Amino acid sequence: MTPVLEAKGLVKRYGRVTAMDGADFDLRAGEVLAVVGDNGAGKSTLIKALSGAVIPDEGTILVDGNEVRFHGPLDARKHGIETVYQDLALAPAQDIATNLFLGREKRRAGFLGGAFRLLDSSGMRTEARRVLDELGIDIKSMTQPVETLSGGQRQAVAVARAAAFGTRVVIMDEPTAALGVAESAKVLELIGRIRDRGLPVVLISHNMPHVFEIADRVHVHRLGRRVAVVSPRTHSMNEVVGLLTGALRMNEDGSIQEVGVTTGLNR
Ligand SMILES: Nc1ncnc2c1ncn2[C@@H]1O[C@H](COP(=O)(O)OP(=O)(O)OP(=O)(O)O)[C@@H](O)[C@H]1O
Ligand SMILES: [Mg+2]
C-alpha cells in the first residue's frame, strides 16, 4: 500500500545544529500516526518540512507516491495537507466563522467580479455551523469572538478548520499540551472522528497516555531521525520511552534490545 505521505532521508541543518539527520516518515491511509520524541529531537522540524514551512536541505517528500517539492505552506495545502500549529494561529478578536475561513474567505458572486466582491458572511456562518456540527463540537454561536472561548474550544476551532479544508492529511503539533483532562479528552475524540471520516492524522505529542489511547502506530524520533515505528497493541509505554531516550534500540528485525554500557570487554 502506497503511503499517503512519505519522506525519505530528510536533512535540515541550522548552522552547526542538525535538526533532521536522515529522517524517514510514512503515513498510511485511515490511521492516526503519533510522532513522539524528546525535546529537540526534531519532531517539529519534520512536521514543518511535511507542511511546507521548512525546506529540507536533502531528501524527498512523496504524496500518494509522487515526489513533491513544497516551497511554502500553500504548496502543501494545495495537496490537501492541513496543519494545526502549536500556537493555533487564530485571530482572537474575530468570530468563529471568520476564523474558520481565515485566508480563504467566501465571497458573494458580484457583478463586478474579482476584488470588489462582498464577503459572504452568512454563507460562512452556515458552513462553519455545518462543520462544527459534523465534528460534534458543541459551540452555540458562530458569531462569538474566539478570545471568549475556552482553551479547549479554541483548539477545537483550529482542528475544525484543518479538518474542513484538509482533503488528504491533518497534522497537529501538540494539540492537547495546554489543555485540562476534559478538554483533552474532547480533542482526542475529535481526532478519532476525523480519522473515522477517512482523513489520516499525524499527532505530535509528549503525552504517552494520549498517544496510546488514540494512535494506530507510533513513530519514535530521536536525534533527528526515526528510530522505530511501533504499535500500541504490541508495545508498551515503557518500551516507547526507552526507545526515545536511547535506553532501548530497535533492531532491523523489529526486536528491541537494551543498549548496555559499553565496556572495554564487549565493545
Ligand atoms: N529555525 C531554527 N534555527 C536554529 N535551530 C533550530 C531551528 N529550528 C529548530 N532548531 C533546532 O533543531 C533541533 C530540533 O528542533 P525541533 O523544534 O524540531 O525539536 P522538537 O522535537 O520539536 O522539540 P520539542 O519537543 O521541544 O518541541 C533543536 O536543537 C532546535 O534548537
Ligand atoms: Mg516541537
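## Exercises on a predicted two-domain model

Between domain 1 and domain 2 of this predicted model, the count of salt bridges is zero. The exercises below examine this interface and then the surroundings of ligand 1.

**Exercise 1.** State which residue ranges make up domain 1 and domain 2, and how far apart their C-alpha centres lie.

*Solution.* Begin with the domain assignment of the protein chain: domain 1 comprises 1-80 + 168-186 + 199-267, and domain 2 covers 93-165. Next, take the C-alpha centres of domain 1 and domain 2, which are 31 Å apart.

**Exercise 2.** Describe the interface between domain 1 and domain 2 by its contacts, its buried area and its residue classes.

*Solution.* First, consider the contacts: seven residues of domain 1 meet nine residues of domain 2. Second, consider the area, since the size of an interface is often expressed as the accessible area lost when the parts come together. Domain 1 and domain 2 bury about 600 Å² between them, and carbon and sulfur atoms contribute 57% of this area. Third, sort the residues on the side of domain 1 that touches domain 2: five are nonpolar, none is polar and two are charged. Finally, search for polar contacts across the interface; with both residues at pLDDT 80 or more, the rule finds zero residue pairs.

**Exercise 3.** Identify the residues that surround ligand 1 and the polar atoms that approach its oxygen atoms.

*Solution.* Start with the surroundings of ligand 1, which consist of Y14, V17, A19, D38, N39, G40, A41, G42, K43, S44, T45 and H206. Then examine three of these residues in turn.

- The side chain of N39 places an N or O atom 2.9 Å from an oxygen atom of ligand 1.
- G40 has a backbone N or O atom 2.8 Å from an oxygen atom of ligand 1.
- H206 has a polar side-chain atom 2.9 Å from an oxygen atom of ligand 1.

To conclude, ligand 1 taken alone exposes 640 Å², and the protein buries 59% of that area.

Note on methods: Residues are numbered from 1 along each chain as its sequence is written. Chains are lettered from A and ligands numbered from 1 in the order in which they are written. This is a predicted model: local features need pLDDT of at least 70, side-chain atom pairs count only at pLDDT 80 or more; totals for chains, interfaces and linings use all residues. Side-chain values use heavy atoms; hydrogens and water are left out. Domain bounds come from an automatic or database domain assignment. Contact means heavy atoms within 4.5 Å. Buried area is the accessible area (1.4 Å probe) that two parts lose on being put together, summed over both. A salt bridge is a side-chain nitrogen of Lys or Arg within 4 Å of a carboxyl oxygen of Asp or Glu. A polar contact is a pair of N or O atoms within 3.5 Å; within protein, one must be able to donate a hydrogen and the other to accept it, and residues adjacent in sequence count only if both atoms are side-chain atoms. Ala, Val, Leu, Ile, Met, Phe, Trp, Tyr, Cys and Pro count as nonpolar, Asp, Glu, Lys and Arg as charged, and the others, Gly among them, as polar. A residue is near a molecule or strand if one of its heavy atoms lies within 4 Å of it. Accessible areas come from the Shrake-Rupley method with a 1.4 Å probe; for residues, only the protein chains shown count as cover.
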